[in-house]
Amino acid sequence: GGKLIAGISFDSLFEVHGYVLKRGAYTQFDYPGATFTQAWDVNSSGTVVGYFEPVTSHGFSHDRGGFTQIDVPGASWTRIFGINPQGDMVGRYADASNIVHAFLLQDAGDDEDEDEDDG
């Protein structure tokens, strides 16, 4: 809706930062210890997704609770490009043979556990 925008800014070829623009307020951030952070999308809850480090990329999400590193198991790199209002994420990863695949990471949520029947 244009109220939240995620993006990237370049200090140099080797220093890239993520940012969020919320109601005209610009907030720049970096994944802890990284010199390359790309923010690709943000949902209405304010969760930002992207990846850090350009070669051995790792996906991330960032919300009020901080950063979470997200890697597809067995992948040589993972990049996240989108998140919807429900928290489902989409991206790409390379397998051990360096073949690139797309993925969908769905937010299981807490409601599923409550709905399950032990009986």
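Of the 119 residues in this protein, 35% count as buried. Keep in mind as you look around that the model is predicted. Its secondary structure comes to 1 helix and 10 strands, and two loop residues, serine 57 and arginine 23, make good stops on a short tour.

**Overall build**
- Reading along the sequence, you meet the pattern β-β-β-β-β-β-β-β-β-β-α.
- Among contacts in the protein with a separation of 6 or more, 22% are between residues 24 or more positions apart.
- The protein has an accessible surface of about 7,500 Å², and carbon and sulfur atoms account for 50% of that surface.

**A buried loop residue: serine 57**
- You will find serine 57 in the loop that runs between strand E5 (48-52) and strand E6 (58-63).
- Serine 57 has a relative accessible area of 1%, so it counts as buried, the cut-off being under 20%.
- Setting aside neighbours within four places in sequence, serine 57 is in contact with Tyr51, Phe52, Asp71, Trp77, Thr78 and Arg79.

**An exposed loop residue: arginine 23**
- Arginine 23 sits in the loop between strand E2 (15-22) and strand E3 (25-29).
- Arginine 23 counts as exposed because its relative accessibility is 69%, and the cut-off for exposed is over 50%.
- Arg23 also belongs to a positive surface patch, which it forms with Lys3, Lys22 and Arg64.

**The two loops side by side**
- Serine 57, between strands E5 and E6, is buried, whereas arginine 23, between strands E2 and E3, is exposed.

Note on methods. Residues are numbered from 1 along each chain as its sequence is written. This is a predicted model: local features need pLDDT of at least 70, side-chain atom pairs count only at pLDDT 80 or more; totals for chains, interfaces and linings use all residues. Side-chain values use heavy atoms; hydrogens and water are left out. Patches are made of residues with over 30% relative accessible area and no salt bridge: like charges are joined within 9 Å, nonpolar side chains (Val, Leu, Ile, Met, Phe, Trp, Tyr) within 5 Å. Accessible areas come from the Shrake-Rupley method with a 1.4 Å probe; for residues, only the protein chains shown count as cover. A salt bridge is a side-chain nitrogen of Lys or Arg within 4 Å of a carboxyl oxygen of Asp or Glu. Lys and Arg count as positive and Asp and Glu as negative; His and the chain ends are not counted. The place of a charge is taken as NZ of Lys, CZ of Arg, CG of Asp or CD of Glu. Helices (H or I, at least four residues) and strands (E, at least two) are DSSP runs, numbered from the N terminus. Buried means under 20% relative accessible area, exposed over 50%, partly exposed in between (1.4 Å probe, protein chains only). Contact means heavy atoms within 4.5 Å.
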